[in-house]
Amino acid sequence: MSGAGPIVIAHRGASGYLPEHTLEAKAMAHAMGADFIEQDVVLTRDGIPIVLHDIHLDSTTDVEHRFGGRCREDGRFYALDFTLAEIRQLRLHERSYKDERGREHAYFPTRFPLGQGEFSLPTLEEEIQLLAGLDRSRGTRTGLYVEIKAPRWHAAQGMDIATAVLEVLQRTGYGDRPERVFLQCFDDQTLIALKSRTPLPLIQLIGDNAWGEDGGVDYDAMRTPEGIARVASYAQGIGPWIPQVVHQGQSGLEVTDLTRQAKRHQILVHPYTLRKDQLPEGIEDPDQLHQLLFDQAGVDGLFTDFPDITRRYLDSRP
Ligand code: G3P
Ligand code: CA
């Protein structure tokens, strides 16, 4: 970590340069000087925490090719329906989607080529071992930023994802290191339950009600002064969507009141996600967004797909 001041959180690793949540992307983020590196976590059928953004495997792996008949009625392939041994057979690639004719396209066309490379899907424990090893060989202290994905959905499938994550953190020596780990979740009830189970700082992610996140949390209510006061009673910070911090007002780009509300309660603000190839409307380059977030809004950290450019911005500030 770089010391006091805002932190660089490598979002799914250096995912602007290598496929998200591969160990290669994590090693690159480490080398780029990220303070924290993010792990989105879901469970396999045998209850192993793996690092994957979606509860589905089809947007970032070749599961359809290897296990053709194993989708559910909705046509999706769920990580929870596959053992770790099966998931180890998959090849991971850049995030993609299919058009109406079934043709596959890269979600971010200028990033790592879709059909190229030999990447696999890591467990949470394997990724932690990699980062701990790099910390040792490079003499650094990089933090983990673990997101518990879809806890209510996992519970409905008979799985306790929060406990599985805590067990891995405990086993790898990170369970009692609040300076080195953040736990994040969109579900407020999960965080409230975690408060008495772990000394690790908790970050309440704030989405948009229109997204239909797992659990049906009311994020509009959460962003009111009363809502932020309630979050401050169980979490050490919030992870809002960037347009909730900086948006287009009547006279151009404006900082919203959200960061000020959080500061009133002395909780952290870590917005997501800076993508230089998908900037918010009205923003012309990444440093304009960095300036608005760090220097005008006063956020405490930023999830970024491009940890090198966010690192460079923070290191060059007076
Ligand atoms: O966890 C911060 C950010 O990653 C939340 O959005 O969907 O990318 O996990 P998502
Ligand atoms: Ca995340």
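Ligand 1 is surrounded by a ring of names worth finding in the structure, among them His11, Arg12, Glu38, Asp40, His53, Glu147, Lys149 and Gln184, where a residue counts as near if one of its heavy atoms lies within 4 Å. This is a predicted model, in which local features need pLDDT of at least 70 and side-chain atom pairs count only at pLDDT 80 or more, while totals for chains, interfaces and linings use all residues. Residues are numbered from 1 along each chain as its sequence is written, chains are lettered from A and ligands numbered from 1 in the order in which they are written, and side-chain values use heavy atoms, with hydrogens and water left out.

Oxygen atoms of ligand 1 come to 2.7 Å from a side-chain N or O atom of His11, to 2.8 Å from one of Lys149 and to 2.6 Å from one of Gln184, and a polar contact is a pair of N or O atoms within 3.5 Å.

Glu38 and Asp40, which are among the residues around ligand 1, also coordinate the calcium ion (ligand 2) together with Glu147, at 2.2 to 2.4 Å; donors here are N, O and S atoms within 2.8 Å of the metal, or 3.2 Å for Na, K and Ca. Both Glu38 and Asp40 are buried, meaning under 20% relative accessible area with a 1.4 Å probe, protein chains only. Along the sequence, the donor residues follow the spacing E-x1-D-x106-E.

How values were computed. Buried < 20%, exposed > 50% of the residue type's maximum accessible area, 1.4 Å probe, protein only. Polar contact = N/O pair within 3.5 Å; in protein donor to acceptor, adjacent residues only side chain to side chain.
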